[in-house]
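User: Please take a close look at the sheet in this model. I would like its pairing first, and then what packs around it.

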Amino acid sequence: MARRPNSSKQTRDVLSALATTEGGWRHGYDIARETGLKSGTLYPILMRLEGAGWLEARWEDEPAPGKPRRHLYRLTPEGAAEARAAATAETQDRGVAIRRATEGGTA
């Protein structure tokens with residue numbers, strides 16, 4: 001069984017970006033623009049997600065004229081479920097932090 005990817009903010013950002021396309025393929029540069037991650041951070045995350053079975057990857061069939069083929073990525077059904085779970089957990093964490101702050105505690 002593959003090792004579960006960590007749940008760093010960067011990993012959650014990548015999952016969130018991929019979840020916005022519901023089964024659609026995205027290329028790395030597009031994900032990098034949306035998340036603000038540099039390639040040295042993004043591509044290792046994509047490789048870990050693929051290794052865990054949360055992501056499918058393939059080469060682009062028909063590159064734009066004069067451009068190299070790009071690697072494309074999309075969430076697997078398991079990856080989509082994990083992306084939803086991560087989004088729910090992050091929303092709940094934010095709610096707890098807000099409640100603590102408004103109740104006079106620390107966030």
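Analyst: In this predicted model, A57 has Y73 of β3 as its bridge partner. Another pair on β3 is L55 with L75. Both pairs fit the wider pattern, in which β2 and β3 (residues 71-75) run antiparallel and are joined by five bridges.

Y73 also has a partner in another strand: R26 stands opposite Y73 in β3. The link between β1 and β3 consists of two bridges, and these strands run antiparallel.

Taken together, the three strands make an open sheet with the order β1-β3-β2 and antiparallel pairing. The edge positions belong to β1 (26-27) and β2 (55-59); each has a single partner strand, so one side of each has no neighbour in the sheet.

Helix α1 (residues 9-19) packs on this sheet and touches β1, β2 and β3. The direction of α1 makes about 90° with that of β3.

L55 is a useful residue for following the sheet into its surroundings. Setting aside residues up to four places away in sequence, L55 touches L18, L46, L49, E50, Y73, R74, L75 and T76. L75, in that list, is also the bridge partner of L55.

The largest nonpolar core has 17 residues, and L55 is among those that touch the most other members, along with V14, L18, I31, L42, L46 and L49. Two or more residues of this core come from each of α1, α2 (28-35), α3 (39-51) and β3.

Away from the strands, L37 is placed in the loop between α2 and α3. Its relative accessibility is 14%, and L37 therefore counts as buried, the cut-off being under 20%. Leaving out residues up to four places away in sequence, the contacts of L37 are Q10, V14, A32, L42 and I45. For L37 and V14, the C-alpha to C-alpha distance is 8.8 Å, with 23 residues of separation in sequence. V14 and L42, both touched by L37, are also among the core residues that touch the most other members.

Two points on aromatic rings remain. R58 lies over the face of W25, 4.5 Å from the ring centre. With ring centres required to lie within 6.5 Å for a pair, the number of aromatic pairs is zero.

Note on methods:
Residues numbered from 1 in each chain as written. Predicted model: local features only at pLDDT ≥ 70, side-chain atom pairs only at ≥ 80, totals over all residues. Heavy atoms only, no water. Phe/Tyr/Trp six-rings, centres within 6.5 Å; stacked < 30°, edge-to-face > 60°. Lys NZ or Arg CZ within 6 Å of the ring centre and 35° of its normal. Pairing = 2+ DSSP bridges. Helix = DSSP H or I, 4+ residues; strand = E, 2+ residues; numbered from the N terminus. Contact = heavy atoms within 4.5 Å. Axes fitted to C-alpha atoms, helices over the stretch in contact; angles between N-to-C directions. Core = buried A, V, L, I, M, F, W, Y, C linked by side-chain atoms within 4.5 Å. Buried < 20%, exposed > 50% of the residue type's maximum accessible area, 1.4 Å probe, protein only.
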